[in-house]
Amino acid sequence: MRNQTQQTLFIYLTLLLLLLFFFFTLQFTNAAKIHIPDDLDDVVDDEEDDDWKNWGKKTPTPLPEPDFDPSDLDHLDPAQIQARFSKFQTGPVFGFVKLRLGLQRSPDDVSETAMKWTKVMKTGGLEVKFMGVDLSTIMFTMETSQSVDEVKEYILEQEDAYEVKIGDNVYRRAGDPPLEEVIEKLHKQKYKADL
């Protein structure tokens, strides 16, 4: 009989301990929850620091220091002077990319190429937007001219691109003939094929 009483007492104590455990667990989980009311009109948020306020804003890029002596300009032709000063130009820049001729493209193909190049430039941290103009031309715009050389190099690495025109300057891969010669050659081939 004593054994049975001890077992019953043990079971009651175990149940009591389990109930206490669950009670305290519920109390602590409810205490961790913080109730935030829906009416926040009287709350003033003054915890923003300067970094938070400036987040997402464009920071101006400093201009590079001139790497030449102004007296050297006397010995350069205008194209070389323009190339040297283009590094210091600020403001937006736009240019055109002539795509390789002789390939069949749809307007969707040109738009897709422009969108792909825009995404790659954005991934590289450059704000360049490419837009299809016609079946053989893509126009691009840049907010600043600081990275125009990098954009030019990227474009000329692309298989679809033939030449890049920025302002009066035309750039193409070494050894490629001028675009006019390529157009003339294609016209001659088409003329021979029509005969």
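Are Phe-130 and Phe-140 buried or exposed? Both Phe-130 and Phe-140 are buried, and I would like to come back to this pair once we have walked through the fold around it. Please keep in mind throughout that what we are looking at is a predicted model.

Let me start with the whole chain. The protein has six helices and five strands, and if you read from the N terminus on, the elements follow the order α-α-α-β-α-β-β-α-β-β-α. Of its 195 residues, 19% count as buried. If we take the contacts with a separation of 6 or more, residues 24 or more positions apart account for 55% of them.

Now to the two helices I want to discuss. Two packed helices are described by the angle between their axes and the distance between the axes. Here the helices are H4, residues 107–123, and H5, residues 148–157, whose axes come within 12 Å and cross at roughly 135°. That angle makes H4 oblique to H5, because an angle has to be over 145 degrees to count as roughly antiparallel. The crossing in which H4 passes H5 is right-handed.

Which residues in H4 and H5 meet? From H4 we have Trp-117, Val-120 and Met-121, and from H5 these meet Val-151, Tyr-154 and Ile-155. Sorted by class, the contact of H4 with H5 has six nonpolar residues, with no polar and no charged ones. It may help to recall that an α-helix has 3.6 residues a turn, so residues three or four places apart point the same way. With that in mind, look again at Trp-117, Val-120 and Met-121 in H4, and at Val-151, Tyr-154 and Ile-155 on the H5 side.

Let us stay with H5 for a moment. The buried residues in this helix are Val-148, Val-151, Lys-152, Tyr-154, Ile-155 and Leu-156. What covers the buried residues of H5 includes strand E1 (93–99), helix H4, strands E2 and E3, strand E4 (161–166) and strand E5 (169–172). Glu-157 is also found in helix H5, but Glu-157 counts as exposed, because its relative accessibility is 61%. Glu-157 and Arg-173 are 16 residues apart in sequence, while in space they are 8.5 Å apart, C-alpha to C-alpha.

Two further residues belong in this part of the talk. Thr-113, whose place is in helix H4, counts as buried at 12% relative accessibility, and beyond the residues up to four places away in sequence it touches Ile-138 and Asp-160. Ser-147 lies in the loop between E3 and H5 and also counts as buried, here at 15% relative accessibility. Not counting residues up to four places away in sequence, Ser-147 touches Leu-126 and Met-142.

I turn next to the aromatic residues, where the count comes to four aromatic pairs. One of them is formed by Phe-94 and Phe-96, and this pair is edge-to-face, with 6.0 Å centre to centre and 85° between the planes. Phe-94 counts as exposed at 51% relative accessibility, whereas Phe-96, at 32%, counts as partly exposed.

This brings us back to the opening pair. Phe-130 and Phe-140 form a tilted aromatic pair, 5.7 Å centre to centre and with 45° between the planes. Because Phe-130 lies in strand E2 (residues 128–134) and Phe-140 in strand E3 (residues 137–142), the pair ties together parts that are 10 residues apart in sequence. Trp-117 joins Phe-130 and Phe-140 in one aromatic cluster, and Trp-117 is one of the H4 residues that we already met at the contact with H5.

What, finally, is Leu-99 in contact with, leaving aside its neighbours within four places in sequence? This residue lies in strand E1 and counts as buried, at 1% relative accessibility. Its contacts are Arg-105, Val-110, Trp-117, Leu-135, Ser-136, Thr-137, Ile-138, Asp-160, Ala-161 and Tyr-162. For Leu-99 and Leu-135, the separation is 36 residues in sequence and 8.3 Å in space, C-alpha to C-alpha. With Trp-117 we have a residue that touches Leu-99, takes part in the contact between H4 and H5, and belongs to the aromatic cluster with Phe-130 and Phe-140.

Technical notes:
Residues numbered from 1 in each chain as written. Predicted model: local features only at pLDDT ≥ 70, side-chain atom pairs only at ≥ 80, totals over all residues. Heavy atoms only, no water. Axes fitted to C-alpha atoms, helices over the stretch in contact; angles between N-to-C directions. Helix = DSSP H or I, 4+ residues; strand = E, 2+ residues; numbered from the N terminus. Parallel < 35°, antiparallel > 145°, perpendicular 65-115°, else oblique. Left-handed = near helix turned anticlockwise from the far one by under 90°. Contact = heavy atoms within 4.5 Å. Nonpolar A, V, L, I, M, F, W, Y, C, P; charged D, E, K, R; others polar. Phe/Tyr/Trp six-rings, centres within 6.5 Å; stacked < 30°, edge-to-face > 60°. Buried < 20%, exposed > 50% of the residue type's maximum accessible area, 1.4 Å probe, protein only.
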